Amino acid sequence: MRLRNSLLLQPSGQTLRPEIFSEDGGHAIEGVLRTSNPSVWYPILQGVPSFLTGPMQPDLMDFCARHGLEKPATAPTRPESSEQAKTNQTFSDKWRRFKQYGLEPEHKDFLFGWYCKKLGVPDLGALKAFYRGKKRVLEVGPGSGFNTRFIAENCPGEVFALDVSDAAFTTFENTRQLDNCCVVQADLMDAPFPDEAFDFVIADGVLHHTPNTRAAVEALYKKVHAGGQFFFYVYRKMGAVRVFSDNHVRENFVPLSTEDCYGACEGITELGRELSRLNATITLKKPIPVLGIPAGTHDVQRLVYYNFLKCFWNEAFDYETNNMVNFDWYHPHNAWQHTEVEVEGWLKDLGIESYSFNDANPNGISVLLTKPAS
């Protein structure tokens with residue numbers, strides 16, 4: 001963390017005073033952020049200030065012993081924190097394993113092409129231009145940090161990344177060379193930033209992994225200033241057979257350890273690979289509305305993937321990364337699915353009039369909205 005970035009960090013409206021124990025390349029690597037209450041402080045760990053409390057708080061025993069500190073007092077935690085902690089185990093493990101996801105050259109065409117569709121811009125040049133118009137950006141759930149890095153490389157202002165899991169440390173390592181980038185570890189429901197602090201907030205494939213997707217949308221919407229924009233992507237509720245198989249597989253996979261779940265996903269990944277390598281299509285002259293299957297020509301693997309079983313496969317990724325994508329779907333404790341009607345209801349309740357649903361893929365709902373100017 002670069003010290004100038006700490007000026008925006010205001011958990012519960014508190015002013016923070018940095019005390020640095022070690023630095024590297026202009027970053028505070030270890031230290032504390034003190035408040036006016038001597039018993040309330042937040043650690044800086046591996047370059048990342050951490051604002052987690054309760055069951056999600058990192059083990060600070062060794063940190064406190066090395067620096068002669070008493071364990072900090074923390075505010076009461078929300079009842080949902082223990083539930084979120086279970087989801088954190090999945091994603092902390094995932095992003096410790098896949099630190100280069102999205103940073104490999106073969107990943108970029110697929111991931112940024114898909115992101116352009118979700119955001120509703122025509123190409124990478126337009127995406128760069130989009131970020132050149134931003135002054136302060138917050139990305140929630142950066143994963144490996146590949147998108148955070150792209151944003152910071154193309155944004156003239158400050159870029160903040162927030163993750164509740166150990167992905168925060170992976171993102172820091174992948175963005176530490178950028179002067180305008182800061183990574184924090186925090187629950188998005190208690191994001192340590194003032195309301196209306198950002199002109200763009202992005203939560204791509206994140207909010208459905210919280211205890212309550214709608215509440216997460218509302219919490220981040222508060223951080224967007226008037227006239228600013230907010231993009232989020234959430235899982236779409238699929239057809240009846242896919243919903244049944246998703247629920248059945250998750251019922252069996254969620255209780256597994258991360259290692260056992262990766263192993264359990266291998267058969268699903270192999271099915272996706274072999275269906276994809278058939279390179280076969282079928283044409284349906286009539287739709288099957290009761291299952292959500294449209295008429296038209298379908299790639300066989302995509303037909304199965306969207307309507308019967310999520311068996312992801314993409315030749316841009318190696319086997320382990322493809323398997324991780326399936327693990328990502330089936331192991332997290334929370335993984336809600338929603339309809340466009342449901343999401344549109346949230347936006348109307350917030351008084352949002354300017355928004356678009358961008359058709360990026362059948363699995364998800366992509367929303368880009370503008371907060372009213374007054």
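## A walk from helix H11 to the S1-S4 sheet

Let's start with a pair: helices H2 and H11 are roughly antiparallel to each other, because the angle between them is over 145 degrees. What you have open is a predicted model, so keep that in mind as you click around.

**Stop 1: H2 and H11.** Select residues 81-97 for H2 and 319-330 for H11. Their axes come within 11 Å and cross at roughly 170°. Now show side chains where the two helices touch: on H2, pick Thr 90, Phe 91 and Lys 94, and on H11, pick Met 324, Phe 327 and Asp 328. Colour these by class and you'll get three nonpolar, one polar and two charged residues.

**Stop 2: H11 by itself.** Stay with H11 and try the distance tool on its two end C-alpha atoms, which are 17 Å apart. How does that fit with 1.5 Å a residue? Twelve residues should span 16 Å, so the two values agree.

Next, is H11 mostly covered or mostly open? Mostly covered: ten of its twelve residues are buried. Among them are Asn 322, Val 325, Trp 329 and Tyr 330. To see what the buried residues of H11 pack against, bring up H2 again, then add strand S9 (224-235), helix H8 (240-253) and helix H9 (258-278).

**Stop 3: H5 and the loop after it.** Select 146-154, which is helix H5. Seven of the nine residues in H5 are buried, so the rest of the structure largely encloses this helix. The buried ones include Phe 146, Phe 150, Ile 151 and Asn 154.

Now step along to Pro 156, in the loop that links H5 to strand S6 (158-163). Is Pro 156 buried or exposed? Pro 156 is exposed: its relative accessible area is 62%. Setting aside neighbours within four places in sequence, Pro 156 is in contact with Tyr 131, Arg 132 and Lys 134. For another distance, click from Pro 156 to Val 121: their C-alpha atoms are 19 Å apart, with the two positions 35 residues apart in sequence numbering.

**Stop 4: the sheet.** Finally, find the open sheet of four strands, which runs S1-S2-S3-S4 with antiparallel pairing. Which strands sit at the edges? They are S1 (17-24) and S4 (48-49), each pairing on one side only. Then zoom in on S2 (27-34) and S3 (41-45), an antiparallel pair joined over four bridges. Pick Gly 31, and opposite Gly 31 you'll find Ile 44 in S3.

How values were computed. Residues are numbered from 1 along each chain as its sequence is written. This is a predicted model: local features need pLDDT of at least 70, side-chain atom pairs count only at pLDDT 80 or more; totals for chains, interfaces and linings use all residues. Side-chain values use heavy atoms; hydrogens and water are left out. Axes are lines fitted to C-alpha atoms, for helices over the stretch in contact, and angles run from 0 to 180 degrees between N-to-C directions. Angles under 35 degrees count as roughly parallel, over 145 as roughly antiparallel, 65 to 115 as roughly perpendicular and the rest as oblique. Contact means heavy atoms within 4.5 Å. Ala, Val, Leu, Ile, Met, Phe, Trp, Tyr, Cys and Pro count as nonpolar, Asp, Glu, Lys and Arg as charged, and the others, Gly among them, as polar. Buried means under 20% relative accessible area, exposed over 50%, partly exposed in between (1.4 Å probe, protein chains only). The expected span of a helix is 1.5 Å times one less than its number of residues. Two strands pair if DSSP finds at least two bridges between them.
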